[in-house]
Amino acid sequence: VSDSLPVVGDVLEHLVVDAVDDEGRGRCVLGQGAQAIDIAVRGAFPGDVVAARVERIWASRRLVQARSLSAAGEGPLHKERACAHRGPCAACPLHGVDEGFVLAFKRARVERAFAELGLVVDIEDTVPGSGQRQKVKLVAAGTPGRLLLGHYAPHSHDVVDATGCGHADDELQDAVRAVRQRLDAHRLGPAVVAAVIARRFVEGVAVVIVGTGPPPVPLALLWPETVRGVAWRVPGAAQSENAIVGGVVHQSVGELRGTSLGAARGDPVVEVDTFCQADPVSAQVLVQKAVDFVVDQSQPGEAFADLYAGTGAFARALVDRGRAVVAVENFPASASALARVPGVQAVCARVEEAGQELASFAPVGIVADPPRKGLGVPLVQALVGLPARRVALVSCDVDAGARDVQAFVHAGFRVAAVIPVDLFPGSAEVEVLTLLLRD
Ligand SMILES: C[S@@+](CC[C@H](N)C(=O)[O-])C[C@H]1O[C@@H](n2cnc3c(N)ncnc32)[C@H](O)[C@@H]1O
């Protein structure tokens with residue numbers, strides 16, 4: 001390849017990879033000046049010299065995405081992979097990559113997002129994850145009788161099988177395979193099944209099948225004996241951002257509730273489709289660091305707010321430290337689990353519309369863990385009107401998080417710490433906890 005762009009399917013030889021981008025793709029540049037072509041190579045990392053097949057071209061940006069074909073010539077960042085499939089994974093580009101490199105990559109991602117907004121702050125080292133996830137969400141493709149459950153390859157409509165995921169434990173993987181086998185036996189293909197979601201509880205695995213319409217066979221026929229229960233959902237108006245699945249339950253069999261992994265003694269059992277953090281181990285570190293910070297210098301009995309509370313990971317930790325908690329969550333199944341936690345006043349509402357309850361509670365500290373789009377500047381401006389002196393902000397999109405932090409800083413808060421947390425090991429995603437305070 002010199003100045004002209006390659007075409008999809010071409011094999012590019014001897015690519016010397018010397019960088020990595022935000023999506024976890026190795027990068028190199030071919031040619032120079034206006035003729036230069038940026039190559040993003042899935043499955044390759046700095047130190048690799050690889051051959052790669054072109055899978056997507058953005059001609060106006062002279063950017064080409066290719067998939068590494070090389071086992072030979074791989075550099076020192078490649079470590080053993082636990083995944084049953086040949087890499088690179090569509091969902092976990094960093095699976096099988098040196099852990100120190102991955103943690104540094106995630107820290108650098110946060111540093112850049114903050115620096116781009118002029119927030120020059122120390123970023124702590126990334127808190128590592130356990131590498132095990134408690135839920136998998138797989139989209140359906142393939143044909144009736146040969147259903148494929150997996151993830152979209154980046155920037156494409158191609159679904160790549162992911163039923164042997166290296167980040168899901170054996171029980172979770174077995175449950176997905178067993179459900180797929182039954183869907184195949186009844187020839188229920190992608191026209192009928194949109195996705196399969198499995199969640200590991202302490203007590204076992206429950207599965208949600210997201211259908212495009214009602215189930216064409218009795219659900220009991222799709223229920224493997226090793227699985228606690230199966231729900232069939234169809235798209236509906238009652239969607240929840242960040243619940244593990246949207247839509248409405250059309251039918252269910254068996255038990256769809258259980259105890260989240262990493263839950264403390266006495267925690268409520270929750271519905272399969274309430275939010276849970278992907279990696280329960282790093283999530284516990286996140287909760288502890290956030291709660292330790294907000295309660296510091298406060299007194300037992302003082303009031304705190306847990307915003308976007310889910311089933312109350314932060315609220316319960318605050319109650320354990322003797323604080324009164326108002327927890328705001330708009331997904332009814334999660335809010336009713338919150339209402340069962342002693343010491344928590346659950347408010348089932350959108351945070352944006354809970355201003356009055358929050359004002360009457362007068363929290364001295366806030367934990368906020370919004371969905372990907374973050375809080376947004378207007379909500380930050382409303383929250384700074386509360387008496388809270390300390391805020392722990394949990395952001396799953398670093399750019400939205402940096403924008404929210406900037407809004408707090410403009411309103412007189414200062415940044416006490418920024419802590420990246422690897423809640424999605426193997427993926428290029430990073431969660432960031434920002435601790436903010438004002439005098
Ligand atoms: C990232 S999760 C955090 C959950 C919880 N903090 C935890 O760690 O388990 C975001 C939660 O916010 C809820 N949610 C989304 N939009 C909301 C809104 N506008 N107001 C209140 N809750 C919302 C979702 O249902 C989800 O449970």
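**Strands, helices and ring contacts in a predicted model**

Val394 of strand 20 stands opposite Leu433 in strand 22. The model in which this pairing appears is a predicted one. Strand 22 covers residues 431–437, and its pairing with strand 20 is antiparallel, with six bridges between the two.

Strand 20 also pairs with strand 19 (residues 365–368): these two strands run parallel and are joined by four bridges. Within that pairing, Ile366 has Val391 of strand 20 as its bridge partner. To pass from strand 19 to strand 20, the chain travels through helix 7 (residues 377–383), and the resulting β-α-β crossover is right-handed. Strand 20 itself spans residues 390–395, and six of its six residues are buried, so the strand is largely enclosed by the rest of the structure. Burial applies to both of its sides: Arg390, Ala392 and Val394 point one way, Val391, Leu393 and Ser395 point the other way, and all are buried.

A second region of strand pairing lies earlier in the chain. Here six strands form an open sheet with mixed pairing, and their order is 1-5-6-4-3-2. Strand 1 (11–16) and strand 2 (19–20) are the edge strands, each of them pairing on one side only. Inside the sheet, strand 4 (residues 37–42) pairs with strand 6 (residues 63–68) in the parallel sense, over five bridges. In this pairing Ala40 stands opposite Gln65 of strand 6.

Helix 5 shows how burial can be distributed around a helix. An α-helix has 3.6 residues a turn, so residues three or four places apart point the same way. Helix 5 comprises residues 332–339, and its buried residues are Ser334, Ala335, Ala337 and Leu338. Viewed down the helix axis, these buried residues fall within an arc of 160°, so they line one face of helix 5. The face turned away from that buried side carries the exposed residues Pro332 and Ala339. The packing partners of the buried residues are strand 15 (270–271), strand 17 (324–329) and strand 18 (344–348).

The aromatic side chains supply a further set of contacts. A pair of aromatic rings is described by the distance of the centres and the angle of the planes. In this model the count comes to two aromatic pairs. One of them is formed by Phe45 and Phe101, whose rings are arranged edge-to-face, with 6.3 Å centre to centre and 75° between the planes. This pair links distant parts of the chain, since Phe45 belongs to the loop between strand 4 and strand 5 (49–58), whereas Phe101 belongs to helix 1 (residues 99–116), and the two are 56 residues apart. Phe45 has a relative accessibility of 1% and therefore counts as buried. Phe101, at a relative accessible area of 19%, is buried because the limit for that class is under 20%. The rings of Phe408 and Phe413 have centres 5.4 Å apart and planes at 80°, so this pair too is edge-to-face. Both Phe408 and Phe413 are buried.

Rings also lie beneath charged side chains. The charged end of Arg61 sits over the ring of Trp58, at 5.8 Å from the ring centre. Similarly, Lys135 lies over the face of Phe275, where the distance to the ring centre is 4.9 Å. Another arginine, Arg199, is located in strand 10 (residues 193–201). Arg199 has a relative accessible area of 0% and is therefore buried. Between the C-alpha atoms of Arg199 and Phe293 the separation is 30 Å, and these residues lie 94 residues apart along the chain.

Two loop residues complete this account through their backbone angles. His155 has phi near 60°, a positive value in a residue other than glycine. His155 is placed in the loop between strand 8 (146–152) and strand 9 (159–161), and its relative accessibility of 36% makes it partly exposed. Gln297 likewise has a positive phi without being glycine, in this case near 70°. The loop that holds Gln297 connects helix 3 (280–295) and strand 16 (303–307). With a relative accessible area of 63%, Gln297 is classed as exposed.

Definitions and conventions
Residues numbered from 1 in each chain as written. Heavy atoms only, no water. Buried < 20%, exposed > 50% of the residue type's maximum accessible area, 1.4 Å probe, protein only. Arc of directions from axis to C-beta. Contact = heavy atoms within 4.5 Å. Pairing = 2+ DSSP bridges. Right-handed = clockwise from strand over helix to strand, strands pointing away. Phe/Tyr/Trp six-rings, centres within 6.5 Å; stacked < 30°, edge-to-face > 60°. Lys NZ or Arg CZ within 6 Å of the ring centre and 35° of its normal.
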